[in-house]
Amino acid sequence: MVNTLEGEKPGGDRNVWRQAISGTVLVGFGLAILMISWNYSAGSLTQMGPGFMPRVIAVALVAMGLGILVSDLRGTAQSYDEPIHWRALIFVSAAVLIFVTLVEPAGLVPAMFCAVAVSKLANSRAGLLSIVIYSAAVTLAGYFLFIVALGLPLTVFGR
C-alpha cells in the first residue's frame, strides 16, 4: 500500500509531481553534463578521450532519471514516510569532503582511511575497534586496487 499525505488519494497529483522532481533533476544534470562534454573528443572504447566518461555518465544519469520519472508518473513508485536520516547524511557528506581535502596534500592512504572512518560514524552502533579495522581493510584494498593493480599516478603518503 502506498502511503500518502492525509486527505490525499493514492497517486494524487500533488504527491506524484513531488516524487517526479527527483527524476527530473537527474535528467537535467545528465543533459547539462552531456552539453558540457559535447565538444570533448570521445575517442573509442580502447582509446578513450577526455569526453568518453562524462558522456557515459551523462547518458546513465538521463536513463536513470527517465526511469524514475516514468515510474513516478505511472504511479508504480512507492512513497515512504520515513524521516531523513540526518546522521548518515552529515557523516557521509563529511567523508567525501575530507577525502577531497586530504588526497592531494596527505596522499591516498591517509585520505582514504579518514574518509572511511568518518563515514562509518554514520552508524550509531559502530564501535571504535570496528571503525579502525574496517577503515584499515578498505584502505588496504584501495591501495592494492588503485596503486598496485591499476598503477594510477597517485601519491600514497604526502607529497
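The expected span of a helix is 1.5 Å times one less than its number of residues. Helices here are DSSP runs of H or I with at least four residues, strands are runs of E with at least two, and both are numbered from the N terminus. Helix H4 shows how the span works: it has 13 residues and reaches 18 Å from its first C-alpha to its last, close to the 18 Å expected at 1.5 Å a residue.

This is a predicted model: local features need pLDDT of at least 70, side-chain atom pairs count only at pLDDT 80 or more, and totals for chains, interfaces and linings use all residues. Residues are numbered from 1 along each chain as its sequence is written, and side-chain values use heavy atoms, with hydrogens and water left out.

## The whole chain

The protein chain has five helices and zero strands. Along the sequence, its pattern reads α-α-α-α-α. How much of the chain is buried? Of its 159 residues, 24% are buried. Buried means under 20% relative accessible area, exposed means over 50%, and partly exposed lies in between (1.4 Å probe, protein chains only).

The chain exposes about 11100 Å². Carbon and sulfur atoms supply 70% of that area. Accessible areas come from the Shrake-Rupley method with a 1.4 Å probe; for residues, only the protein chains shown count as cover.

Contact means heavy atoms within 4.5 Å. Take the contacts with a separation of 6 or more: residues 24 or more positions apart account for 57% of them.

## Three helices by length

The table sets H3, H4 and H5 side by side.

| Helix | Residues | First to last C-alpha | Expected span |
|---|---|---|---|
| H3 | 21 residues | 29 Å | 30 Å |
| H4 | 13 residues | 18 Å | 18 Å |
| H5 | 22 residues | 30 Å | 32 Å |

For H5 (residues 128-149), the two values agree. Two glycines follow helices. Gly107 comes after H3 and has a positive phi, near 105°. Gly151 comes just after H5, with a positive phi of about 65°.

## H4 and its neighbours

Helix H4 covers 108-120. Its buried residues are Leu108, Val109, Ala111, Met112, Ala115, Val116, Ala117 and Val118. Which helices do the buried residues of H4 pack against? They pack against helix H3 (86-106) and H5.

In H5, the buried residues are Ile131, Ser135, Thr139, Gly142 and Ile147. These residues pack against H4. An α-helix has 3.6 residues a turn, so residues three or four places apart point the same way.

Ser135 is a good residue to follow in H5. Ser135 counts as buried because its relative accessible area is 0%. Not counting residues up to four places away in sequence, Ser135 touches Phe113, Val116 and Ala117. Its side chain also makes polar contacts, which are pairs of N or O atoms within 3.5 Å; within protein, one must be able to donate a hydrogen and the other to accept it, and residues adjacent in sequence count only if both atoms are side-chain atoms. A polar atom of the Ser135 side chain lies 3.2 Å from the backbone nitrogen of Ala117. The Ser135 side chain also reaches the backbone oxygen of Ile131, at 2.7 Å.

Leu152 sits in the segment after H5. Its relative accessibility is 37%, so Leu152 counts as partly exposed. Beyond four places in sequence, Leu152 touches Phe146 and Ile147.

## H1 and H2

Ser37 belongs to helix H1 (residues 13-37). Is Ser37 buried or exposed? Ser37 counts as buried because its relative accessibility is 2%. Leaving aside neighbours within four places in sequence, Ser37 is in contact with Pro54 and Arg55.

Val62 is in helix H2. With a relative accessible area of 17%, Val62 is buried. Val62 touches Val27, Gly30 and Leu31, not counting residues up to four places away in sequence. Val62 and Val27 are 35 residues apart along the chain, and their C-alpha atoms are separated by 4.4 Å.

Met53 also lies in H2, which covers residues 52-74. At 42% relative accessibility, Met53 is partly exposed. Which residues make a nonpolar surface patch with Met53? Leu45, Met48, Val56 and Ile57 join Met53 in a patch of about 480 Å². Patches are made of residues with over 30% relative accessible area and no salt bridge (a side-chain nitrogen of Lys or Arg within 4 Å of a carboxyl oxygen of Asp or Glu). Like charges are joined within 9 Å, and nonpolar side chains (Val, Leu, Ile, Met, Phe, Trp, Tyr) within 5 Å.
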